[in-house]
Amino acid sequence: MSLIPKINPVKQVFFNPPLTDEGFLPSAHRVWALWFFKNDRSRAWQDNLHLVTKFDTVEDFWALIWGPEQGPGRGPGPDFPLNKGRQPMWEDSRNKRGGRWLVSLAKQQRHSELDRLWLETLLCLIGESFEEHSREVCGAVINIRTKGDKIALWTREAENQADVLHIGQVYKERLGLSTKIVIGYQAHADTATKSNSLAKNKFVV
């Protein structure tokens, strides 16, 4: 399954993460797992979550990127989480105290911006773009919805303000978002107990 559909290879983003001599991704965050989630309310949540593949080399990453099969930009419905090996669940010990930087897109942006923003998100993750703060990054997920799509970057500790803000500032810059656009950070605990459609932002950049 392709992580990014219909990307023109001529426009490929230059990618030069720190690698081992064998071409592996950095040993601290070597193995990444790609999941597929299609919500079926008649089944348990975990039964809707499927591991697609794991990868630990740049070659395998780009093979997924340029794969021929359907990916997240083709139509509404599924989620595609990418994380450091574990299941992408709020309840996981690495996630339950964390939160997410959330980028929301209007439905008309699916064909103009979604692929580029998701690709840049992936490159930020596996390329450790947040330097020493990269240890706080758990993964990311793309949500494809009829009303509008979302991309979320998950971090480990919502109370680590310095780490969270640095990650958010670098992430916004890497996405090339205008300074007029504000993205918010929400703690998973707040999202889990929200009374309306969106949890209150803990931080913004």
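**Entry 1: Thr 155**

I began with Thr 155 and listed its contacts, setting aside residues up to four places away in sequence: it touches Gly 98, Gly 99, Glu 136, Val 137, Cys 138, Val 164, Ile 167 and Tyr 185. I noted at the outset that this is a predicted model. Thr 155 sits in strand 6, and I found it buried, with a relative accessible area of 1%. One of the residues it touches, Tyr 185, is also joined to Thr 155 through the side chains, by a polar contact of 2.6 Å.

**Entry 2: aromatic rings**

From Tyr 185 I turned to the aromatic rings, and a search of the whole structure gave five aromatic pairs. I reminded myself that a pair of aromatic rings is described by the distance of the centres and the angle of the planes. Tyr 185 and Phe 203 make a tilted pair, with 5.9 Å from centre to centre and 40° between the planes. This pair links distant parts of the chain, since Tyr 185 belongs to strand 7 (residues 184-187) and Phe 203 to strand 8 (residues 203-204), 18 residues apart. I recorded both Tyr 185 and Phe 203 as buried.

I then looked at Phe 61 and Trp 62, whose ring centres lie 5.1 Å apart with the planes at 65°, so I entered the pair as edge-to-face, the class for planes over 60 degrees apart. Phe 61 and Trp 62 are both buried. Ring pairs also bring in Phe 55, which forms a cluster with Phe 61 and Trp 62.

**Entry 3: the loop between helix 2 and strand 5**

Next I followed the loop between helix 2 (110-126) and strand 5, where His 133 is placed. Is His 133 buried or exposed? I found it buried, with a relative accessible area of 12%, which is under the 20% cut-off. Leaving aside neighbours within four places in sequence, I listed Ala 162, Asp 163, His 166 and Ile 167 as the contacts of His 133. With Asp 163, the side chain of His 133 makes a polar contact of 2.6 Å. For Ile 167 I looked up the C-alpha atoms, which are separated by 6.9 Å from His 133 to Ile 167, although these residues stand 34 residues apart along the chain.

I also checked backbone angles in this loop, bearing in mind that most residues other than glycine have a negative phi. Glu 128, which lies in the loop between helix 2 and strand 5, has a positive phi, near 50°. Glu 131 is found in that loop too, and its phi is likewise positive, near 55°. At 56% relative accessibility I counted Glu 131 as exposed, because the cut-off for that class is over 50%.

**Entry 4: Asp 149**

I moved on to the loop between strand 5 and strand 6, where Asp 149 is placed. Asp 149 is buried, with a relative accessible area of 1%. Its side chain is joined to that of Arg 110 by a polar contact of 2.6 Å. Apart from neighbours within four places in sequence, Asp 149 is in contact with Val 103, Ser 104, Leu 105, Arg 110, Leu 114, Asn 143 and Ile 144.

**Entry 5: the largest pocket**

Asn 143 came up again when I examined the largest pocket, which holds about 800 Å³ of space. I counted 24 lining residues, and those nearest the centre are Asp 79, Trp 90, Arg 100, Asn 143 and Arg 145. The elements that give two or more residues to this lining are strand 3 (79-83), strand 5 (137-143) and strand 6 (150-155). Sorted by class, the lining of the largest pocket has ten nonpolar, six polar and eight charged residues.

**Entry 6: cavities**

Last, I looked for enclosed space and noted two cavities of 30 Å³ or more. The largest cavity holds about 130 Å³. Which residues lie closest to its centre? Of the 16 that line it, they are Asn 83, Lys 84, Asn 95, Cys 138 and Gly 139. Strand 3 and strand 5 are the elements that give two or more residues to the lining of the largest cavity, and strand 5 supplies the largest share, four residues. By class I recorded seven nonpolar, four polar and five charged residues in the lining of the largest cavity.

Terms used:
Residues numbered from 1 in each chain as written. Predicted model: local features only at pLDDT ≥ 70, side-chain atom pairs only at ≥ 80, totals over all residues. Heavy atoms only, no water. 1 Å grid on protein atoms, 1.4 Å probe; cavity = no way out; pocket = protein on both sides within 12 Å on 5 of 7 lines; lining within 4 Å. Points joined across faces, edges and corners; volume = space filled by probe spheres on them. Nonpolar A, V, L, I, M, F, W, Y, C, P; charged D, E, K, R; others polar. Phe/Tyr/Trp six-rings, centres within 6.5 Å; stacked < 30°, edge-to-face > 60°. Buried < 20%, exposed > 50% of the residue type's maximum accessible area, 1.4 Å probe, protein only. Polar contact = N/O pair within 3.5 Å; in protein donor to acceptor, adjacent residues only side chain to side chain. Contact = heavy atoms within 4.5 Å.
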